[in-house]
Amino acid sequence: MSDPLSPFQRLRSVPRKVWIAVGTVGLLVCALAVVAWPPSPIGTPQAAWSTSGGDPARPTVAPVDGTSCAANVPGMADFTPVAAVDLPVRANWANRNPAYAFDRTAEVARGFDRVGYCLELTGPAGRQWVWTAMAPFAADASRLGLPTRRGQIVRQRVSDLEIASNVEGLTAGTGLPGYLEMWPNSYNAGASGQIPGASDGRFDADDDLRGALGYGSFQVHLVAPTRPSSVPPQTVFAVNGFTSQKNPLSVGIGTAPDGHPDWTLSDNAGAFTERRLTVYARPSVLTLDQHPRDRQLYPRDAESGAVVPVVGKVHDARVRAVRLKVTSGAEGWEDTLPVTTGGDFTFRRRIVAALREYRFELHVLGDGLSRRVGLWDGVVAGDVYVIQGQSNAVSAKYRGSSAGEESAFVRSYGSSTADRTFSASDRGWNYAVSEAIRQPGSVGQWGIRMAHRLSDTYQVPVAVLNGAENGKPISFFQRNDANPGDIATNYGRLRQRLTAAGVIGRVRAVLWYQGESDNDNATRHVAGVTALLSDWRREIGIDIPGGSRYYVFQVRTSPCGDSSTGRLREAQRRMRDSLGVTVLSTNGLSGHEGCHFAWEQGYRELGDRVFSVLAHDLYGGPGDGVASPDPRAAAFANAERTEVVVQLRDDDPLTVQPGAQADFRINGSTVTVTGIAYRDGGRLVLTLSGPAAGATGVSYLGHSGAGPWIATSTGAGLLAFHNLPIAGSAPPAAGS
């Protein structure tokens with residue numbers, strides 16, 4: 001296969017990451033179908049597909065000759081063909097309108113409950129066709145065609161996929177799990193982790209969307225129903241390259257036999273004499289105002305469950321009743337409501353917060369009519385958490401894999417991407433993934449460990465929304481008070497995700513890990529955290545009894561790699577008293593690599609520590625060794641000033657590893673700490689090299705890398721502190 005990428009694109013490529021980017025050559029002339037007038041933009045208020053000559057109510061479609069969709073799929077009779085396009089060999093439709101042959105979107109203006117596609121090709125293998133239908137992924141019929149403009153992005157699972165085809169090897173059937181990749185953008189071969197069996201080195205059912213327009217993907221895939229799975233995804237059909245300036249279209253039915261499985265870069269459109277794509281929608285008999293989403297997590301209430309509403313209005317006179325069927329494992333419930341004057345109906349089904357998924361099906365019954373009009377799978381009730389901050393909150397994979405921590409009962413919503421266009425388009429529930437970053441469902445390595453342990457231990461589903469961004473100072477995370485939902489801001493993107501997910505007031509805890517990029521500027525950092533915390537407390541957990549809990553990690557270094565500074569970390573330690581938050585230590589983790597952490601002895605153990613703290617604070621779990629050791633005061637233990645006692649707030653026993661004394665400093669004196677011992681009552685006794693004349697305080701700064709450490713039984717390391725004043729006599733023991 002010849003290389004369709006320009007020399008510049010090849011220079012930009014990296015191993016296992018093939019980029020498809022906008023070409024720099026001039027516009028190519030497209031061979032377009034003849035239309036009565038130029039088509040108007042899709043996805044705008046003026047959107048309309050053009051109508052071919054003749055009766056617009058009788059559009060031109062492929063002939064019924066035994067080798068077409070219509071000749072083989074009886075169920076298509078319920079669908080309205082809303083658009084069709086004869087695909088050219090080359091298109092270059094970026095920010096332009098495909099030459100649709102007709103427009104019947106008005107016929108489904110009141111809504112539709114299924115979407116269908118028929119792709120018909122005539123080429124070297126003869127006449128090939130495929131029909132596929134699914135639950136709607138958009139409410140606007142003008143968004144069902146080829147996406148050619150910025151923001152027209154769909155990357156999501158779909159329920160109840162139907163497939164029929166005459167192409168050998170393509171799985172046929174109904175009720176199948178699917179995945180859509182539809183966008184005008186360029187993309188590379190990296191995988192998001194949402195689709196089991198997908199490759200991060202070849203283009204297939206799980207590719208990495210890029211910001212620039214310039215190639216285009218319109219793909220439907222059949223995927224494994226559960227994660228993990230060794231079954232690779234299967235392409236149902238693909239139309240690629242329709243926004244490229246230089247590449248021919250790449251089209252195919254089924255998985256490509258060679259090259260990339262999804263036909264990307266096959267450049268094969270010229271091999272076919274017919275290339276017709278027809279878009280269908282099944283008109284709906286009702287409208288829905290409230291309903292669950294696939295994989296949605298509803299925050300549980302005080303009775304450890306949640307009410308799932310299904311609310312709508314029937315507008316078809318044939319419908320006599322509406323039935324809601326809910327199943328979970330072997331259990332099932334049915335509720336049927338007659339259609340009354342006005343057509344309004346409301347179902348409220350309660351589900352329990354447990355490791356069980358619920359399937360919701362909405363049916364209509366009437367004169368000559370029996371149809372399922374809604375299907376939502378994998379619905380659960382559970383707890384919601386937010387992770388925010390910079391790169392150690394992102395907690396990407398640096399060394400060691402956390403993939404084994406992923407679970408069907410750990411969810412997320414939207415994408416942590418900083419791209420405002422991608423963020424706005426990612427409005428769906430996902431399985432949480434830990435190693436892909438800035439992707440749908442990304443929660444990070446320690447985030448997945450924390451959530452998995454909470455879910456397993458307390459048998460409850462957990463959702464984590466991670467809004468962190470690498471290398472950002474505290475100013476980056478602030479709210480635009482004039483427009484709190486401003487998607488141009490990090491705060492606004494996270495707020496929009498929480499709002500769209502329906503969880504903004506029901507977040508149990510927010511976990512904040514940031515400060516390395518504030519370069520030990522304690523004043524700026526404290527002001528920023530104070531403002532951010534005030535905004536969160538007004539919005540994030542207002543529907544939780546007592547409000548959300550807030551946790552602040554004391555960073556290991558500030559800036560990254562510099563453990564000699566202490567002012568910012570001292571300010572973070574004091575936030576327990578000044579801001580009423582719980583401060584978590586990152587000392588005691590030997591997998592530290594200067595700024596970030598490996599999986600083992602790093603993010604894995606950090607996730608364990610967060611789990612232990614949340615388990616104690618929110619679930620009634622054990623408390624021994626959970627709190628990060630925090631000094632309350634320091635004093636000389638003798639008149640000679642050769643010993644200092646550091647009194648801790650808690651009296652959990654600590655393990656002092658040999659050599660830990662090297663991390664202590666006696667401020668205002670040249671003496672050093674030569675020994676350290678833990679004593680009952682939460683006391684650390686420091687032995688000095690001589691009398692500490694002129695001493696003003698004691699500091700513990702920790703260090704980068706591995707131990708030695710001073711830590712609790714759960715591994716929580718002593719919090720760093722800076723210039724803690726030394727009194728002339730020992731303070732009272734803890735609790736006195």
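Are Cys69 and Cys118 buried or exposed? I looked this up before anything else, and found that Cys69 is buried and that Cys118 is buried as well, where buried stands for under 20% relative accessible area, exposed for over 50%, and partly exposed for what lies in between (1.4 Å probe, protein chains only).

I note that this is a predicted model, in which local features need pLDDT of at least 70 and side-chain atom pairs count only at pLDDT 80 or more, while totals for chains, interfaces and linings use all residues. Residues are numbered from 1 along each chain as its sequence is written, and side-chain values rest on heavy atoms, with hydrogens and water left out.

Next I searched for disulfides, taking a disulfide as a pair of cysteine sulfur atoms within 2.5 Å, and I arrived at two.

I found Cys69 joined to Cys118 with S to S at 2.1 Å. The torsion about their S-S bond is about 90°, so I entered this disulfide as right-handed. Cys69 sits in the loop between α1 (7-12) and β1 (80-86) and Cys118 in strand β2 (residues 112-123), so the bond ties together parts 49 residues apart in sequence; helices (H or I, at least four residues) and strands (E, at least two) are DSSP runs, numbered from the N terminus.

I then turned to Cys560 and Cys595, which a disulfide joins with S to S at 1.8 Å. Cys560 lies in the loop between β22 (549-553) and α7 (567-578), and Cys595 in the loop between β23 (582-584) and α8 (599-619), 35 residues apart. I recorded Cys560 as partly exposed at 37% relative accessible area, whereas Cys595 counts as buried at 11% relative accessibility.

With the bonded cysteines of the chain numbered in sequence order, I wrote down the pairing as 1-2, 3-4.
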